[in-house]
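Work through the exercises below with the coordinates open. Each task is followed by a solution in steps.

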Amino acid sequence: MAEPSTKQHLYLVDGSSYIFRAYHRLPPLTDPEGTPVGAVYGYTTMLWKLAADLDEADGPTHLAVILDAGSVSFRNEIYEHYKAHRPDPPEDLVPQFPLIRDATRAFSLPCIEVEGLEADDLIASYAREAQRRGWDVTIVSSDKDLMQLLGETDGARIDMLDTMKNQRIYLPEVEEKFGVPPELVGDVLALMGDAVDNVPGIYGIGPKTASKLIAEHGSLTAALDSAPDMKPSKLKERLLEGREDAELSKVLVTLKEDCDLPQPLDEMQLGPVPPEPLAAFLSKHGFTSLLKRLETGTGSPARKTDLNPPKPDKAGDNGAGDGTTANRQPLPEMPRIDHSAYETVQSIERLEHWIARARAARLVAVDTETTSLDSVRADLVGVSLALGPNDACYIPLAHGGDDMFAQKPEQVPMDRAIAALKPLIEDDSVLKVFQNGKYDLNVFARAGIAVAPIEDTMVISFALDAGRGEEGMGGGHGMDELSERHLGHTPIAFKDVCGTGKKAISFAEVPLDDATRYAAEDADVTMRLYRLLKPRLSEEAGTRIYERVDRPLIPVVARMEREGIKVDRARLARLSEEFAVEIGRLEGEIHELAGQEFTVGSPKQLGEILFDKLGYKGGKKGKSGQYSTDVSVLERLAGEGAPIARKVLDWRQLAKLKSTYTDALQAAINPATGRVHTSYSLVGAQTGRLSSTDPNLQNIPVRTPIGRQIREAFVPEAGNVLLAADYSQIELRLAAHMAGVDTLKEAFAAGEDIHARTAKEMFGEVTRDTRARAKTINFAILYGISRWGLAGRLEVEPDEAQAMIDTYFQRFPGIQRYIHETLESVRAKGYSETLFGRKTWFPRINSKNQAERQGSERAAINAPIQGTSADIIKRAMARMLPALADEGLTDVRMLLQVHDELVFELPESRVEAATPVIRRVMAEAALPAVELTVPLGVDIGTGLSWDAAH
DNA sequence: CGGATCACG
DNA sequence: GACGTACGTGATCCGA
């Protein structure tokens with residue numbers, strides 16, 4: 001081996017870690033074919049710069065790219081959880097992994113990966129080998145694990161280069177970050193752990209403590225050995241308890257420096273880059289500025305002798321499905337979205353053609369375009385259909401606006417199109433796939449079309465992935481998010497087509513070519529999502545909840561939205577006025593007491609008035625540095641004789657009622673129906689509950705007399721009544737069943753007052769006070785109790801609260817076991833389950849962050865109970881109208897759902913007949929799937945307002 | 001646009 | 001080095 005005349009300098013590029021960082025720092029570019037290439041572009045420019053540094057003083061003479069191969073390494077044999085909790089890479093990054101290899105080949109650079117070895121290990125081994133030969137080495141990465149390698153041996157130096165920050169990393173930088181020299185970095189890492197790689201470290205020891213300990217004792221072993229002699233402290237306990245974790249972690253973070261080297265160092269020599277494959281690559285992905293530079297030779301990259309000839313490129317055809325790589329979630333074989341493949345259907349003949357094809361396929365994705373987000377007000381503008389990837393069309397129906405004299409584009413007349421589509425959309429042998437089908441059902445309903453049968457990708461996603469969102473990755477079920485996550489594709493944004501804010505235009509004004517790209521793409525994406533998600537239902541046990549609970553509910557909830565509920569506008573207006581007068585009066589008094597005018601609605605100003613100006617005691621600032629002025633604080637001040645506090649409380653109540661209810665509800669009345677139509681979200685709450693928006697009719701006041709006046713404004717049509725049916729204590733009943741608490745089950749069976757019974761068990765006697773406390777404790781149990789939380793609510797010391805919890809567990813054996821078993825199961829599986837099989841995911845259940853973890857634990861205790869209750873009322877809703885119809889009660893309308901309550905409107909004459917049916921359907925809603933060991937009680941009332949029906 | 005507050009189950 | 005104590009929602013207002 002001849003000694004080189006000048007010093008050799010090997011650059012080792014940590015390709016895998018680079019691409020993750022580039023992805024997050026660069027905008028989401030796509031190439032001409034629609035493949036996301038933002039990270040690849042960053043990677044390409046980096047290689048360009050490195051290769052161009054060939055003749056620089058400290059530049060590379062040799063260069064190789066090292067990649068991770070696969071997701072399992074020898075470290076998993078040592079520790080099965082290693083890197084186990086890494087979120088899957090973002091979907092628009094996945095197709096870029098194979099392109100990294102393409103880019104490297106385009107530069108004719110060696111690209112090295114070995115199954116079972118991480119890039120870090122290969123880098124370490126190559127670096128040491130080069131160092132032995134007396135070469136300098138630069139590791140192009142910013143991975144802290146690699147900092148262990150830095151330093152100089154026999155004049156051969158290893159350093160790092162962070163190209164993103166354009167920063168050299170050497171001993172001072174390591175010292176600054178870890179407070180120790182490179183050879184001790186591994187020891188620090190072993191103590192502190194690494195949440196991203198799931199290296200445990202020692203629980204409760206962070207970077208600060210870890211580097212302090214290692215710096216002080218000189219090594220991990222010495223630090224651990226020192227523990228027994230330390231004076232008693234949390235740290236001492238943690239060190240003693242965590243010794244094994246730390247030793248395991250040390251093994252995990254130690255780099256393997258003696259890997260077999262698949263390609264000799266000499267072959268990594270860098271020379272001028274041959275322009276040919278590079279030009280082809282740059283042009284394919286639309287990197288035009290680099291292409292221009294290559295052609296003009298300005299700053300052209302260097303090249304190396306061609307030892308790694310590019311192979312024929314197959315992966316590039318699809319950008320996905322290249323199963324060779326860290327691509328752990330291979331995309332299905334679908335061609336990329338191609339907007340030019342879509343058809344604009346402008347004649348009845350073409351429409352008939354598409355309808356015939358859809359019939360033959362028996363499966364079609366459908367999407368409607370309208371004038372409004374409010375499905376009950378929306379007018380139909382067009383319909384899109386998709387039969388398969390890129391096989392989609394858009395049928396414009398009302399483009400050109402409603403100006404009768406304006407020039408309108410050629411389109412099938414609305415009535416002819418509706419007449420042609422109706423038989424297809426109503427055909428029970430053709431499955432219609434929607435994304436959020438409830439919306440389209442309402443739109444079609446207004447056009448006189450009753451859609452069935454349907455599938456809904458949004459609802460399927462919810463059955464599979466509720467709660468699954470993690471840091472940096474959305475967990476929603478909207479089309480754009482699903483497309484990003486599952487297809488790696490960003491659909492055209494609505495705002496790019498219609499604009500936003502004042503300049504926004506109606507979809508009816510969008511030119512047909514833009515409209516077609518947008519609308520047909522939505523149907524296309526929906527069909528693609530369906531193909532991907534539907535098979536997962538059976539693979540991941542989602543079929544039961546989807547088919548038996550959520551899917552049947554879609555048309556039922558759509559119908560409830562269309563029904564709406566009548567509100568008495570005059571009554572609300574009167575209330576608004578009364579509230580306004582009272583608010584004005586209180587405001588004057590508050591200003592008087594404060595000695596100045598200020599914005600009463602500003603918690604910031606109020607806090608300063610109360611605690612700084614007026615000098616009341618006990619002001620507590622939160623982390624925003626602001627005094628808290630919430631009810632509990634103001635109640636306390638009022639009790640301590642601060643007259644202003646009571647007035648502010650009254651002011652707040654009225655201001656809330658006026659702005660959120662009396663004013664807003666009047667504005668929400670649909671002029672066409674004279675009723676208020678809420679929109680329910682089927683995927684809003686992670687537990688499976690519905691949520692209600694625009695307006696929210698699930699939080700109409702009920703707890704105070706003044707608030708209940710608002711309920712009085714919810715009324716039936718003349719000759720009708722409102723009927724409210726609610727489950728009594730359903731969550732406590734379910735808890736008694738699920739935890740198998742005999743005492744509670746017996747009490748429910750006997751129809752006892754459950755809080756009173758709890759009081760008797762807990763305190764020996766039932767008084768107003770003990771019953772109230774028992775009620776609080778019952779709820780605390782459902783929500784995942786902590787002694788401090790309960791102490792705060794009951795205004796007792798944490799010790800006393802703990803004693804009550806102990807008593808509760810003792811009196812109601814089963815509860816503690818339920819909590820323990822639920823948590824164990826969620827920790828192991830990652831999700832909780834309801835009695836009907838609904839999953840809720842808890843990605844933070846094993847978090848190292850205590851607050852985060854405990855939060856997840858409380859939610860996980862509650863989710864099966866709240867979720868089972870939601871399943872039950874949903875089943876009742878799906879059965880309700882058919883059950884009533886069976887009794888000839890076709891004029892009962894189901895209007896609202898408020899978690900454990902259903903509200904109906906019906907002719908007064910029907911109350912007697914309907915009441916037992918409603919009661920039976922609700923009480924038996926769990927059957928036959930689940931046989932509960934407690935009865936479900938249902939309270940029913942009727943009246944001429946929602947308030948009176950209670 | 002986030003925080004504070006408060007309406008509901 | 002800390003931390004923040006009850007589950008699940010949505011609407012409104014203030015103020016940066």
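Two strands count as paired if DSSP finds at least two bridges between them. The model is predicted.

**Exercise 1.** Determine which way β9 and β12 run relative to each other, and how many bridges join them.

Solution. Take strand β12, residues 431–434. Three bridges join β12 to β9, and the two strands run parallel. Now place the partners. Leu363 has Leu431 as its bridge partner in β12. Val364 stands opposite Lys432.

**Exercise 2.** Find the sense in which β9 pairs with β10, then place both strands in their sheet.

Solution. β10 spans residues 380–388. Six bridges link β10 to β9, in the antiparallel sense. Thr368 is partnered by Val383 of β10. The sheet is open, has six strands and shows mixed pairing. Its order is β8-β11-β10-β9-β12-β13. The edge strands, β8 (343–344) and β13 (454–456), each pair on one side only.

**Exercise 3.** Decide whether β9 is largely enclosed or open, and name the helix that lies across it.

Solution. Buried means under 20% relative accessible area. Seven of the eight residues in β9 (363–370) are buried, so the strand is largely enclosed by the rest of the structure. Helix α17, residues 437–446, lies across β9, β10, β12 and β13. It runs at about 70° to β9.

**Exercise 4.** Identify the residues that touch the most other members of the largest nonpolar core.

Solution. That core holds 183 residues. Leu351, Tyr727 and Ile872 touch the most other members. Helix α35 (850–886) gives the largest share, eleven residues. Beyond its neighbours within four places in sequence, Leu351 contacts residues including Val345, Ile395 and Val412.

Technical notes:
Residues are numbered from 1 along each chain as its sequence is written. Chains are lettered from A and ligands numbered from 1 in the order in which they are written. This is a predicted model: local features need pLDDT of at least 70, side-chain atom pairs count only at pLDDT 80 or more; totals for chains, interfaces and linings use all residues. Side-chain values use heavy atoms; hydrogens and water are left out. Buried means under 20% relative accessible area, exposed over 50%, partly exposed in between (1.4 Å probe, protein chains only). Helices (H or I, at least four residues) and strands (E, at least two) are DSSP runs, numbered from the N terminus. A nonpolar core is a set of buried Ala, Val, Leu, Ile, Met, Phe, Trp, Tyr and Cys residues joined through side-chain atoms within 4.5 Å. Contact means heavy atoms within 4.5 Å. Axes are lines fitted to C-alpha atoms, for helices over the stretch in contact, and angles run from 0 to 180 degrees between N-to-C directions.
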